[in-house]
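Biologist: I have not met this structure before, and I should like to understand the reasoning behind the terms applied to it. May I put some questions to you?

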Amino acid sequence: MAEHGTLPSRVLTDDQLRQLDALGYLHLPGLFTPSEVAQLSRVHNRLIGKIEQRRALAAGESAGAGPLLLVPDFLPFFDDDRICGLAEEIIGADSVVAPTLVRAVLQGHANGWHADGQLPALPGLKISIFLDEVGPDDGCLTVLPGSHQAQGSAAYRQAFLAGALPSDQRSVPGAVSLPSRPGDLQVFWRPLWHSTWSPPRRRRQIHVSFYGRPPYPAYDDAMWHYLLKLPGCQDLLWTAGYRLFSEHFISTAGDRRLRKVQPYLDAGFGDPRRPAPTEEQLVLSRDTV
């Protein structure tokens with residue numbers, strides 16, 4: 001990238017890494033400059049605009065477009081230290097991207113308490129870049145610190161299912177709201193319980209998720225790559241007959257980008273006998289609550 005926000009030689013300090021390990025999340029303010037936010041906003045608006053060309057989004061509707069790996073003007077951000085480099089600092093150089101979870105998201109309603117990932121054998125990390133200012137009552141991330149650990153995450157799930165905790169209210173003991181401004185970045189483990197609360201109001205984010213090597217000695221490369229292959233086989237591009245990656249994504253890739261997708265390429269998801277997808281094959285979705 002031509003310019004950076006507040007970025008030291010390492011993206012994260014040792015203290016921040018310890019916080020992420022203990023609490024399950026980090027809020028990194030001002031990591032992207034106003035001009036970078038403007039670039040990301042143009043990408044986001046163009047992609048969400050493809051959905052609204054079919055029908056304008058109503059109040060309370062959300063929308064998503066992806067994978068952003070098909071979008072050439074997003075890839076310099078993906079390659080940046082603040083996305084791929086951040087994942088490598090946290091879960092290692094052999095971390096891989098979750099292609100279907102690299103998306104432009106427009107949220108138009110509240111999201112009650114939930115956890116994004118429940119597979120201990122496939123550690124997942126989520127990075128969110130905020131493009132709009134959000135507070136506790138209009139869409140910022142609200143988290144339950146420490147709820148990413150397997151035992152605690154399962155306990156919260158049971159409490160929400162049993163009604164011991166209100167899944168549709170922010171007022172859960174220990175909840176922490178993280179107000180954000182354009183250019184802020186939040187990173188958290190996908191099993192962390194989190195929510196957003198707001199009246200119907202459009203708010204824009206970019207989401208990028210990564211997987212790390214399973215923390216079990218019995219899981220060798222073959223088993224890890226098998227686990228990665230499962231969501232790939234269900235990918236809508238793949239089931240529609242396309243490869244997972246565009247020609248531009250592969251032809252312009254450096255070593256770091258290739259590391260982030262190599263297990264998928266090894267598993268045949270770059271099969272040249274299939275047509276390569278382009279931005280026109282983006283998966284566009286809308287959701288009403």
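Biologist: What share of the contacts in the protein chain with a separation of 6 or more comes from residues 24 or more positions apart?

Modeller: Such residues account for 88% of those contacts. Please bear in mind that the model is predicted.

Biologist: What makes the protein chain as compact as a globular protein of its length?

Modeller: The protein chain has nine helices and 12 strands. Its radius of gyration is 18 Å, and the globule rule gives 19 Å for 289 residues; the two values are close, so the chain is as compact as a globular protein of that length. The C-alpha trace spans about 55 × 50 × 40 Å along its principal axes. Of the 289 residues, 50% count as buried. The accessible surface comes to about 12700 Å², and carbon and sulfur atoms hold 54% of that surface.

Biologist: How do you know that the span of helix 2 is close to the expected one?

Modeller: Helix 2, residues 34-52, has 19 residues and reaches 26 Å from its first C-alpha to its last. At 1.5 Å a residue, 27 Å is expected, and the span is close to that value. Several residues of helix 2 are buried, among them Glu-36, Val-37, Leu-40 and His-44.

Biologist: Why is His-44 called buried?

Modeller: The term buried requires a relative accessible area under 20%. His-44 has 1%, and therefore it is buried. Leaving aside neighbours within four places in sequence, His-44, which is found in helix 2, is in contact with Ala-104, Val-105, Leu-106, Leu-131, Arg-204, Gln-205 and Ile-206.

Biologist: Leu-106 is in that list. Is Leu-106 buried or exposed, and how do you know?

Modeller: Leu-106 has a relative accessible area of 3%, so it is buried. Its place is in strand 4, residues 103-107. Not counting residues up to four places away in sequence, Leu-106 touches His-44, Ile-48, Leu-57, Ser-62, Ala-63, Arg-202, Arg-203 and Arg-204. Leu-106 and Arg-54 are 52 residues apart in sequence, and their C-alpha atoms are 16 Å apart in space.

Biologist: Why is Gly-139, which lies in a loop, called buried?

Modeller: The loop in question runs between strand 6 (124-130) and strand 7 (141-143). The relative accessible area of Gly-139 is 0%, so the residue is buried. Apart from residues up to four places away in sequence, Gly-139 touches Val-134, Thr-196, Trp-197, Ser-198 and Arg-203. The C-alpha atoms of Gly-139 and Arg-201 are separated by 8.1 Å, although the residues are 62 apart along the chain.

Biologist: Glu-279 has a relative accessible area of 15%. Why is Glu-279 called buried?

Modeller: The cut-off is again under 20%. With 15%, Glu-279 meets the condition and is therefore buried. Glu-279 is found in the loop between helix 9 (255-266) and strand 12 (283-288). Beyond residues up to four places away in sequence, Glu-279 touches Arg-46, Leu-47, Lys-50, Leu-70, Val-71 and Pro-72. Of these, Leu-47 and Lys-50 are among the buried residues of helix 2.

Biologist: What makes the peptide bond from Gly-66 to Pro-67 cis?

Modeller: The omega of that bond is near 0°, and the bond is cis. Pro-67 lies in the loop between strand 2 (61-66) and helix 3 (75-79). As a general matter, most peptide bonds are trans.

Terms used
Residues are numbered from 1 along each chain as its sequence is written. This is a predicted model: local features need pLDDT of at least 70, side-chain atom pairs count only at pLDDT 80 or more; totals for chains, interfaces and linings use all residues. Side-chain values use heavy atoms; hydrogens and water are left out. Helices (H or I, at least four residues) and strands (E, at least two) are DSSP runs, numbered from the N terminus. Buried means under 20% relative accessible area, exposed over 50%, partly exposed in between (1.4 Å probe, protein chains only). Contact means heavy atoms within 4.5 Å. The expected span of a helix is 1.5 Å times one less than its number of residues. The radius of gyration is taken over C-alpha atoms; the globule rule is 2.2 Å times the number of residues to the power 0.38. Accessible areas come from the Shrake-Rupley method with a 1.4 Å probe; for residues, only the protein chains shown count as cover.
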